[in-house]
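This briefing goes through one protein model, topic by topic. Please keep the sequence and the coordinates open while reading.

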Amino acid sequence: MEGTYYKEWSRALGREMEFKVYGAAGVPVLAFPCRGGRFYDWENNGMPEAAGWLIEHGRVQLFCADSIDYDGLLAAGLAPRRRAEMQEKYFHYITGELVPRIRELNAAGRAAAGAARSKAPGIWAAGADLGAYHAVNCRLRRPDLFWGAIGLSGMYDVSGWLGGPEDDLALRNDPFAVLSAGLLDSAALAALNGGQFILCAGQGRDAAEPAALASTQALDAALKAAGIPVSAEVWGSDVTHDWHWWARAFDVFTNRLFS
C-alpha cells in the first residue's frame, strides 16, 4: 500500500524522526513498531493491508511512528535512569510533537473530504511486542489525547530496563507501577473509563508468545483492579509471536471498531 513519508526535526529528541502515513482521513491510528523496530516495519509486514479496506474508504488513517528503543529501553550498558530519561523524551516527542502533526494531517484530509465541520475523531494507539507497551503507555498517561489502545502480544513490564518506582521517570513510564501505586486522579480515571484498552495474545509455544500472554494477562488484571475497562482476548495455540498473526488481529480489531 502506498504511503506518504515524512522526516521532521524533533526538539524533544534533538534529531530527525521519520514516520509514514497511509490514507487521507478517518480515525487516526498511531502505530508503534516492535522492539528496536523502525517506522517501515508495519509496511514491510503487511499491516496497512490488514486494514486496507478501512484505509482506502476513509475510515482509518494509519500513522507509523519510528522508535528509539536502542537508545533508551534497550540501550546496552546504559544506566536505568538514563534509559528512563530517553523514554520520557520519546514520550514527549510522541505526545507533544507527533500527535499535533497527526491532528493537522488528519484535519487536512477530513477537510479535503468535505468533513471540515465534523468533530475530530480521537486518536488510537496500536502496537505489538514492545510497541504494544508504547501504545498502552500513551493511552494510560494521556487519555485526553488517546481514545484507545490496541496491544498485540504485548510486553508491558519495563521495570527491568527502567529501574524501580523510586525513580520518578521510571514510575511514570511503568504501567504496572502507575496502576498499583494508585497514581491516577479522578480526572484521569474518568477519561480512561471513557475509552478502551484492547489486548490480545496467543497460546503458541514459540520462544516469545508465552511471555507475551503472561504479560497481557497481568496487565488485564491490573487494569481491572484499578477499575479501568479493558477487553482482553486469548487466541489459540497456533498463534505465535510474529507479524502474520498480528496482521490478522489488527484486521479483526480495526474492522470491529471502525467499520
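The points below cover strands, helices, selected residues, the pocket and the cavity.

The model is a predicted one. Strand β7 (residues 196-201) pairs in the parallel sense with β6 and with β8. A search of the whole structure finds one cavity of 30 Å³ or more, and the largest pocket has a volume of about 300 Å³.

**Strands around β7**

- Strand β6 (residues 146-152) and β7 run parallel and are joined by five bridges.
- Within this pairing, G151 stands opposite L199 in β7.
- Strand β8 (residues 231-234) pairs with β7 over four bridges, again in the parallel sense.
- On that side, A201 stands opposite V234 in β8.
- The connection from β7 to β8 involves helix α10 (residues 209-225), and the three elements make a right-handed β-α-β unit.
- Five of the six residues of β7 are buried, so the strand is mostly covered.

**Helix α5**

- Helix α5 covers residues 130-141, which is twelve residues.
- The expected span is 16 Å because each residue counts for 1.5 Å, and the 17 Å between the end C-alpha atoms agrees with it.
- The helix is mostly covered, with eleven of its twelve residues buried.
- Those buried residues are L130, G131, A132, Y133, H134, A135, V136, N137, C138, R139 and L140.

**Charged residues in helix α4**

- E88 is placed in helix α4.
- With a relative accessibility of 6%, E88 counts as buried, because the cut-off for buried is under 20%.
- Leaving aside residues up to four places away in sequence, E88 touches R141, L169, R172 and N173.
- R101 also lies in helix α4.
- The relative accessible area of R101 is 19%, so R101 is buried, the limit being under 20%.
- With residues up to four places away in sequence left out, the contacts of R101 are Y6 and E8.

**The largest pocket and A120**

- Which residues lie nearest the centre of the largest pocket? They are A120, P121, G122, I123 and L145, out of 16 lining residues.
- Helix α4 gives the most to this lining, with four residues.
- Both α4 and β6 supply at least two residues each to the lining of the largest pocket.
- A120 sits in the loop between α4 (80-112) and β5 (123-128).
- A120 counts as partly exposed because its relative accessibility is 48%, which falls between the 20% and 50% limits.
- V27 is 93 residues from A120 along the chain, yet the C-alpha atoms of the two are separated by 8.4 Å.

**The largest cavity**

- The volume of the largest cavity is about 40 Å³.
- Its lining consists of L152, S153, C200, A201, G202, W235, V239, W245, W246 and A249.
- Which element gives the most to the lining of the largest cavity? That element is α11, with three residues.
- Helix α11 (243-258) and strand β7 each supply at least two residues of the lining.
- A201 thus has two roles in this description: it lines the largest cavity, and it stands opposite V234 in β8.

**Residues with positive phi**

- Most residues other than glycine have a negative phi.
- D129 is not a glycine, but it has a positive phi of about 60°.
- D129 is in the loop between β5 and α5.
- At 5% relative accessibility, D129 counts as buried.
- S153 is a residue other than glycine whose phi is also positive, near 50°.
- The loop that holds S153 runs between β6 and α6 (159-162).
- Is S153 buried or exposed? S153 counts as buried because its relative accessibility is 3%.
- S153 is also one of the residues that line the largest cavity.

Technical notes
Residues numbered from 1 in each chain as written. Predicted model: local features only at pLDDT ≥ 70, side-chain atom pairs only at ≥ 80, totals over all residues. Heavy atoms only, no water. Expected span 1.5 Å × (residues − 1). Buried < 20%, exposed > 50% of the residue type's maximum accessible area, 1.4 Å probe, protein only. Pairing = 2+ DSSP bridges. Right-handed = clockwise from strand over helix to strand, strands pointing away. Contact = heavy atoms within 4.5 Å. 1 Å grid on protein atoms, 1.4 Å probe; cavity = no way out; pocket = protein on both sides within 12 Å on 5 of 7 lines; lining within 4 Å. Points joined across faces, edges and corners; volume = space filled by probe spheres on them.
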